[in-house]
Amino acid sequence: MKMTLGERISDLADGIGNLLGLLEPFAPYATAVAALIAAVIALFTLDHRRRADSRAEWWRRVEYAMDLTREMDKVGRNTGMQLLNHLLDDRRWDPTDVRTLAEANEILISELVNSLTLENENPPPSTGSEHVLGRLRRRITRRRSR
């Protein structure tokens, strides 16, 4: 026997009514269950945000360290390289971030080595007065350090 659309809707409504009748004793707990679900979602969101903020801070430190390595000052370069090595050893971060940083670090090291070898091969020509002033400054700093 073929059912009409009205009969199907009536059967569906009766089924939903019966289901709600079965769930009626649990109605006082519905608020607590909804609150529990909301709390779990909030905790997952908080954890996700904490991780995202930590990664953003880690990348900010990486950018700072990479900027330091590009300085002309030897102390700045060494400090930047030490910071990069320390950030590479940090195990709290995503492995893909660490791999990306390791690759960038290798490129940065090769650039630094190339630039330093070019500087050593082609030193800038020194003029007489600047050369004398440089020697005088070195003597003064040696006397102060004694």
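## A tour of a five-helix chain

Begin with the whole chain shown as a surface: its accessible area comes to about 12400 Å², of which 61% belongs to carbon and sulfur atoms, as given by the Shrake-Rupley method with a 1.4 Å probe, where for residues only the protein chains shown count as cover. This is a predicted model, in which local features need pLDDT of at least 70 and side-chain atom pairs count only at pLDDT 80 or more, while totals for chains, interfaces and linings use all residues. Residues are numbered from 1 along each chain as its sequence is written, and side-chain values use heavy atoms, with hydrogens and water left out.

Now switch to a cartoon view, where the chain has 5 helices and 0 strands; helices (H or I, at least four residues) and strands (E, at least two) are DSSP runs, numbered from the N terminus. Buried residues, those under 20% relative accessible area, with exposed meaning over 50% and partly exposed in between (1.4 Å probe, protein chains only), make up 14% of the 146 residues.

Next, select Asp47 and Arg50, which both lie in helix α2, 3 residues apart, about one turn of the helix. They form a salt bridge with the closest N and O atoms 2.8 Å apart, the term standing for a side-chain nitrogen of Lys or Arg within 4 Å of a carboxyl oxygen of Asp or Glu. Add Arg51 to the selection, and you have a network of salt bridges linking Asp47, Arg50 and Arg51.

Stay in helix α2 and select Arg49 and Asp53, which are 4 residues apart, or about one helical turn, and whose salt bridge has its closest N and O atoms 3.8 Å apart. Arg49 counts as exposed at 58% relative accessibility, whereas Asp53 is partly exposed at 46%.

Then select Glu57 and Arg61, also both in helix α2 and 4 residues apart, where the closest N and O atoms of the salt bridge are 3.7 Å apart. Glu57 is partly exposed, with a relative accessible area of 28%, and Arg61 is partly exposed at 38%.

For the last stop, select Arg77 in helix α3, which counts as buried because its relative accessibility is 12%. Leaving aside neighbours within four places in sequence, Arg77 is in contact (heavy atoms within 4.5 Å) with Leu68, Thr69, Glu71, Met72, Leu112 and Leu116, and showing these side chains together completes the tour.
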